Amino acid sequence: MELVCPAGSLPALKAAVDNGANAVYLGFKDSTNARQFKGLNFNDKRAAEGIEYAHKNGARVFCAINTFPQPQGWKTWTSAVDRAATLGIDAMILADMGLLDYATSRYPQIDRHLSVQGSATSYEALRFYKDNFGIRRAVLPRVLSLDQIRGLAKHSPVELEVFAFGSLCIMAEGRCYLSSYITDESPNTRGACSPAKAVRWQETPQGLESRLNGILIDRYGKGESAGYPTLCKGRFEVEGSVYHAIEEPVSLNTIDLLPQLQELGISAVKIEGRQRSPAYIADVARTWRQALDLLENSADEFAVDPAWNATLAGLSEGGLTTLGAYHRKWK
Amino acid sequence: MLKLSLGPVLWFWSRQTVLDFYANAADWPVDTVYLGETVCARRRELKLADWLEIAGVLKDAGKQVVLSTQTLIESEADLRLLRRICSQQDYLIEANDQSALQLASTNSLPFVTGPGLNIYNVATLKVLAKLGLKGWSLPVELGRETLIEMIAELKAEGLDLPAEVFAWGFLPLAWSSRCFTARHYNLPKDNCEFRCLQHPDGLELRSREAQELFRLNGTSTLSGARYDLLRELPDMLAMGVDTVRLSPEHQGMAEVVQRFDQVRRGEIPYSDPLTVREAPPCNGYWYGQPGMDQRA
């Protein structure tokens, strides 16, 4: 299985490659990719440097152009596809059908991967993308259980990549507008979820409050660790109870499932986090490299080293990790 | 004249409630009715045969009937149902997922798309037109500026693909394979006891400052405010919108349909207030603002 790591910057890309990533994924400095963060992502010059560094060290580079262009932005998105092709990336990660069509007709020789934002949750959906756009690989949404992935993998016409570690999106990616409902920007339109421009923190007599475009997302008591106010991970009131009504702020960690993912024929595991620091990327990549190497060299003896989970838990939101939808007990 | 459609029922209602609802709807001045379960595979108060029976009655009443398909297709059972829907030839289908696009196009069955399918530009529409697309819905987070450009581009390309706009009701904002209603009751999704039946218009989720944010509806999350584009009807007509979609609620729907019908016919001014059950109004998406906003 291939280890695919995030690169929000050139130092992060190098950290990933140096610590064993088989591939890294990056995006341009605009809303053409689903992780638009101030101060992150790549201009053409940095991307060229990154691609050269990765290729010299035997790693591939994927370019995520995975938001959904509207008519006003169409040329910006097609130009991102053109730039990625010119720069010599190894695959484009795309979600929009119009853009997939553009990339297929202009650059048939460059691999196309279906982004998780393309929201393919069945093998018939995968066939749709394969038949119409010749995709080579698809990244599966984080909402599927392992059993569902098994069913899908059995009939999949393309390589599959699954999320392995990082922030946990609990809605079907590409089909969540909660963020634009509150702030006007969403992953689909602007590559942003709960964007920083809409976030406000305030100390009040009731505790520390986090707000998103004025809406109270959470309020923290003394000593409680405060997380980023992603709106689906806030505490809200439903029928008189106040709780994390949609999801707790936890991270996904599927290292325990590696042997099963391998058995299903999954081609790649993906680490989330282009917003993370190079040091974080280095730690995560090194840990997963060790796990994948052990799996490859002595699959029968594979056992999760407690040190791996300790490292990963230390890098997770609130120190908590979950198997997410991969197990079926979640509510 | 603008057409009116009744979207698929997004909530979980008892069998009798659904039957009564459509028995009444046969007499309402709507042009198109979307039928079927689009949210959760566990909601099986009505089987495909039941939906087809309702479809027959509505067709006889002069409505165009469209069979809606599930939004998140996850299991082999979901695909089996989808294949059955896509193997009939009597009705158009509403594709809400790429699996439906695949099955409809490989069966040469004409289809339209629902608002949950990501159509953000004309290049996407051109791909789908080749596969049998007969009409499309604007994703709910997009607004008038984008729609004006898309309609103009379609015209320039000589493509006749009627546009539909979700214009009234709680906005379907997110889908998950997790069930937030089951979570509220501390039940596993697979043994949810069908608690959604107790909440025919969802579970209200409020901020700790009592702001109505969302409505939890099983595996889907809807807006806490009600999208209402009644007064934008003349604007939509002028820009070339074909159909406006009204999303069913279990009470007061006859009045809602009547009001939209009167306004589209120019019988009453669109500024007349529409009084239905409590929920704040919103129209922000239409104006390129946060969806929850209400432009005065």
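Reader: What are Glu164(B) and Arg245(B) in this predicted model, buried or exposed?

Author: Both residues are buried. That word requires a relative accessible area under 20%.

Reader: What makes Glu164(B) and Arg245(B) a salt bridge?

Author: The closest N and O atoms of Glu164(B) and Arg245(B) are 2.8 Å apart. The cut-off is 4 Å, between a side-chain nitrogen of Lys or Arg and a carboxyl oxygen of Asp or Glu. The pair therefore qualifies as a salt bridge.

Reader: Which parts of chain B does that pair tie together?

Author: Glu164(B) belongs to strand S7 and Arg245(B) to strand S11, so the pair connects parts that lie 81 residues apart in sequence.

Reader: How do you know that S7(B) and S11(B) are paired strands?

Author: Pairing takes at least two bridges, and S7(B) and S11(B) share 4, in the parallel sense. Glu164(B) takes part here too, standing opposite Thr243(B) in S11(B).

Reader: Which other strands pair with S7(B), and in what sense?

Author: S6(B), residues 133-137, runs parallel to S7(B) and is joined to it over 2 bridges. Two is what the rule asks for as a minimum, so this pair counts. Trp136(B) has Ala163(B) in S7(B) opposite it. Strand S10(B), residues 220-228, runs antiparallel to S7(B), with 6 bridges between them. There, Phe170(B) has Arg226(B) as its bridge partner.

Reader: Why is S7(B) called largely enclosed?

Author: S7(B) spans residues 163-175, and 13 of its 13 residues are buried, so the rest of the structure largely encloses this strand.

Reader: What makes S6(B), H6(B) and S7(B) a right-handed unit?

Author: The three elements form a β-α-β unit, with helix H6(B) covering residues 144-156. Right-handed means that, with the strands pointing away from the viewer, the path from the first strand over the helix to the second runs clockwise. The unit is assigned that hand.

Reader: Where else in chain B does the chain make such a crossover?

Author: Strand S3(B) is part of two of them. S2(B) and S3(B) run parallel and are joined by 4 bridges, with Leu67(B) as the bridge partner of Leu35(B). Between these strands the chain passes through helix H2(B), residues 48-60, in a right-handed β-α-β crossover. S3(B) is also parallel to S4(B), over 3 bridges, and Ser68(B) stands opposite Glu94(B). From S3(B) to S4(B) the chain goes through helix H3(B), residues 76-87, again in a right-handed crossover.

Reader: How many residues of S3(B) are buried?

Author: In S3(B), 4 of the 5 residues are buried, and the strand is described as mostly covered.

Reader: What makes Arg83(B) and Glu124(A) a link between the chains?

Author: Their closest N and O atoms are 2.9 Å apart, against a limit of 4 Å. Arg83(B) sits in helix H3 of chain B and Glu124(A) in helix H5 of chain A, so this salt bridge joins two chains. Arg83(B) is partly exposed at 29% relative accessibility, whereas Glu124(A) is buried at 5%.

Reader: How many salt bridges are counted between chain B and chain A?

Author: The count is 7. Another salt bridge that links residues of the two chains is Arg175(A) with Asp97(B), at 2.7 Å from N to O.

Reader: What is the area buried between chain B and chain A?

Author: About 6,200 Å² is buried, and carbon and sulfur atoms supply 54% of that. On the chain B side, Arg178(B), Arg183(B) and Arg208(B) lose the most area, together 15% of what that side buries. The contact involves 73 residues of chain B and 70 of chain A.

Reader: Why is Cys169(A) not called a disulfide partner of Cys176(A)?

Author: A disulfide needs two cysteine sulfur atoms within 2.5 Å. The closest cysteine sulfur to that of Cys169(A) is in Cys176(A), 6.3 Å away, which is too far for a bond. For Cys176(A), the closest sulfur is in Cys193(A), also at 6.3 Å and too far. Over all chains the count is 0 disulfides.

Reader: What are Cys169(A) and Cys176(A), buried or partly exposed?

Author: Cys176(A), at 17%, falls under the 20% cut-off and is therefore buried. Cys169(A), at 29%, lies between 20% and 50%, so it counts as partly exposed.

Technical notes
Residues numbered from 1 in each chain as written. Chains lettered and ligands numbered in written order. Predicted model: local features only at pLDDT ≥ 70, side-chain atom pairs only at ≥ 80, totals over all residues. Heavy atoms only, no water. Buried < 20%, exposed > 50% of the residue type's maximum accessible area, 1.4 Å probe, protein only. Contact = heavy atoms within 4.5 Å. Buried area = accessible area lost by both parts, 1.4 Å probe.
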